[in-house]
Amino acid sequence: MLHVPFAQTIDALSFVVGEDFRSVSGTLASRRPTIRIAESKEIIPFNVADQIAFNGKLSSGALVTSHFRGGLSRGTNFHLEINGSRGDLVLTSPVGYVGLGGFKLVGAQGGETLHPISIPQDFDSNEDVLTGNVRKLYELLLPTRRPAPDLARDSKMP
């Protein structure tokens with residue numbers, strides 16, 4: 001959880017705001033002593049951190065606070081809120097990991113109330129996230145005269 005879901009979420013936040021962190025601090029905790037294996041229903045000991053409290057200061061001086069937890073919630077599993085001097089953005093998802101999509105975005109500027117903002121088609125949650133993300137990277141890295149590979153068509157994976 002610390003290396004992939006949390007780190008990639010903080011990296012995505014840093015990318016979105018266009019800033020690096022000047023300072024960070026955090027606390028790890030283990031709140032679930034056991035975990036159930038989905039296939040066998042077996043309950044086994046769980047001895048890794050499943051909660052991360054993270055605080056940081058961006059290069060602009062803006063503060064970031066984050067709570068990342070393992071498991072699923074009956075509430076919002078992913079909630080990213082950016083409050084700026086000109087407006088607010090709120091990104092939510094029923095899945096607690098930024099890499100899996102299914103997002104809803106709302107925002108407002110000035111005297112507006114929060115309203116839905118459409119997510120561009122190339123980030124459509126109906127696309128297979130794993131192959132879609134690799135395709136997007138190819139499109140960014142390859143010269144524009146060469147088409148990006150169609151991973152669904154070109155791969156031998158089922």
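The lining of the second largest pocket mixes three kinds of residue: 18 are nonpolar, 12 are polar and 3 are charged. Keep in mind that this is a predicted model. Every value here is computed from that model.

How is such a pocket found? Rolling a probe the size of a water molecule over the atoms shows where empty space is left. For the second largest pocket, the volume comes to about 840 Å³. Its lining is made up of 33 residues. Look for T9, S66, F78, H79 and L80, which lie nearest the centre of the pocket.

Now trace where the lining comes from. Three elements each give two or more residues: α1 (2-17), β5 (63-69) and β6 (78-83). Which of the elements gives the largest share? That is β5, with 7 residues.

Step back to the chain as a whole. The protein chain has 3 helices and 9 strands. Follow the elements from the N terminus: they run α-β-β-β-β-β-β-β-β-β-α-α. One helix opens this order, the strands follow, and two helices close it.

Next, consider burial. The protein chain has 158 residues, and 19% of them count as buried. Buried here means under 20% relative accessible area. The accessible surface of the protein chain comes to about 11,800 Å². Carbon and sulfur atoms hold 57% of that surface.

Finally, turn to contacts. Take those in the protein chain with a separation of 6 or more. Of these contacts, 35% are between residues 24 or more positions apart.

Technical notes: Residues numbered from 1 in each chain as written. Predicted model: local features only at pLDDT ≥ 70, side-chain atom pairs only at ≥ 80, totals over all residues. Heavy atoms only, no water. 1 Å grid on protein atoms, 1.4 Å probe; cavity = no way out; pocket = protein on both sides within 12 Å on 5 of 7 lines; lining within 4 Å. Points joined across faces, edges and corners; volume = space filled by probe spheres on them. Helix = DSSP H or I, 4+ residues; strand = E, 2+ residues; numbered from the N terminus. Nonpolar A, V, L, I, M, F, W, Y, C, P; charged D, E, K, R; others polar. Buried < 20%, exposed > 50% of the residue type's maximum accessible area, 1.4 Å probe, protein only. Contact = heavy atoms within 4.5 Å. Areas by Shrake-Rupley, 256 points an atom, 1.4 Å probe, with all protein chains shown as cover.
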